[in-house]
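I opened this model to look up a few local features and keep notes on each. The entries follow in the order I took them.

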Amino acid sequence: MLTLAATPLLAQDETTEAAAKAAESAAPSVLTPTNIFIGVLIIAAVLLLIVSVVLLKTFKAMEKEMANPTSYVPEQDKMLEYEEWKATQKDKPGLWAKLLSLRPLSEEKDIMIDHEFDGITELDNPTPAWFNWLFGVTIVFAVGYFFTYEVFGWGQNQDQEYATEMTDAKAEKEAYLAKAGNKIDENTVKESQDAAVIGAGQALFNTNCIACHGDKGQGTVGPNLTDEYWLHGGSVNNIFKTIKYGVPEKGMIAWEKTLTPKQISEVSNYIISLKGTNPPNAKAPQGDKE
């Protein structure tokens, strides 16, 4: 019996699952305006931190060198003058102390709060400069974020990004399924009972096969496709192979250049669905019973 190859529904199920997993792992790698904006701010903050650290170390080294000169050998009067100058510098805060807004011990009495508890007093130290700078950066970031996403709409918010990513994932899934569907052959085709597959196979059968097999698969020139007897095997793999390569000596043409592997699979599954339908005026059985 002439057989049109069956559609791999199992294959489609497997490829659908694989495509779904591929789609899930897809999207998040898009360069959105949000990611670019945040990335620029992070890079700027890191560079600012690096520059600050380098400058601090440089100034601290210079300050240390000035406080402990090694090559300075002044005359006696110059030495006395230097010692006096050095004594005046002891209570002056260094660069690091200035950055942290630290006050020397000699000035503690000036920043002491007028209350104590159990002999413990509290100092009214000012907010460190680095904290003020950090606070200023957050304000700049907040303003930039507000105008970027809420005023001018230059970037996508989270809901918009999600919708975009889902649309891209759906397109990638469809492309993957279309590509995977055309990789089916007589060895990998799977039997399927999916209504969409059967319907697509029926449409192809009505267009290409009823001249030889009848509108219900009852057989005319070609064999009956609804009984249990088959000339070339009744499994989905054998049906797919028969449709793909044909049986030229018996008038069955090869359809591999006319139909895609996915279409051959759909026709094959439709033929499988005809088994046992017992249409009227069916042709007598041919071949071996399966």
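How many bridges join β1 to strand β2, and do the two run parallel or antiparallel? I found 3 bridges between them, and the strands run antiparallel. This is a predicted model, and I read every entry here with that in mind.

**Entry: the hairpin**

I noted the strand limits: β1 covers residues 112–117 and β2 covers residues 120–123. Together β1 and β2 make a hairpin, with 2 residues between them. I checked the turn and found that Asp118 has a positive phi of about 55 degrees. For one specific pairing I looked up Met112, whose bridge partner in β2 is Leu123. I then asked how many of the 6 residues of β1 are buried. The number is 0, so strand β1 lies largely in the open.

**Entry: the nonpolar core**

I turned next to the largest nonpolar core, which has 22 residues. Which of these residues touch the most other members? They are Phe205, Ile239, Ile243 and Ile271. I traced the contributing elements and found that α7 (195–208), α9 (236–245) and α10 each supply at least two residues of this core. Helix α10 gives the most, with 5 residues. As background, nonpolar side chains tend to be buried together in soluble globular proteins.

**Entry: salt bridges**

I counted 4 salt bridges. As a reminder to myself, side chains of opposite charge can pair when their charged atoms come close. I looked at three entries from the list.

In helix α10, which also feeds the core, Glu266 forms a salt bridge with Lys262, with the closest N and O atoms 2.8 Å apart. Both residues lie in α10 (residues 261–273), 4 residues apart, about one turn of the helix. Are the two partners buried or exposed? Glu266 counts as buried, at 9% relative accessibility. Lys262 counts as partly exposed, at 31%.

The side chains of Lys216 and Asp215 also meet in a salt bridge, at 3.5 Å from N to O. Lys216 is partly exposed, with a relative accessible area of 44%. Asp215 is partly exposed as well, with a value of 44%.

I then looked up Lys289 and Glu228, whose side chains meet in a salt bridge at 3.5 Å, N to O. What does this pair tie together? Lys289 lies in strand β4 (residues 288–289) and Glu228 in the loop between α8 (210–213) and β3 (229–230), so the pair ties together parts that are 61 residues apart in sequence. Lys289 is exposed, with a relative accessible area of 55%. Glu228 is partly exposed, at 42%.

**Entry: cysteines**

How many disulfides are there? The count comes to 0. I checked Cys209 to see why it is in no bond. Its sulfur is 8.3 Å from the closest cysteine sulfur, in Cys212, and that is too far for a bond. The cut-off I applied is 2.5 Å between the sulfur atoms. Cys212 is likewise in no disulfide, and the nearest cysteine sulfur to it is that of Cys209. On accessibility, Cys209 is buried, with a relative accessible area of 8%. Cys212 is partly exposed, at 34%.

**Entry: aromatic pairs**

The last search returned 7 aromatic pairs. Phe141 and Tyr145 form one of them, a tilted pair with 6.1 Å centre to centre and 35 degrees between the planes. I placed both residues in helix α5 (residues 129–151), 4 residues apart, so they are separated by about one helical turn. Phe141 is partly exposed, with a relative accessible area of 29%. Tyr145 is partly exposed too, at 35%.

Is the pair of Phe152 and Trp154 stacked or edge-to-face? I recorded it as stacked, with 4.6 Å centre to centre and 15 degrees between the planes. Phe152 is partly exposed, with a relative accessible area of 46%. Trp154 counts as exposed, at 57% relative accessibility. I followed the ring pairs further and found that they link Phe146, Phe147, Phe152 and Trp154 into a cluster.

Methods
Residues numbered from 1 in each chain as written. Predicted model: local features only at pLDDT ≥ 70, side-chain atom pairs only at ≥ 80, totals over all residues. Heavy atoms only, no water. Buried < 20%, exposed > 50% of the residue type's maximum accessible area, 1.4 Å probe, protein only. Core = buried A, V, L, I, M, F, W, Y, C linked by side-chain atoms within 4.5 Å. Pairing = 2+ DSSP bridges. Phe/Tyr/Trp six-rings, centres within 6.5 Å; stacked < 30°, edge-to-face > 60°.
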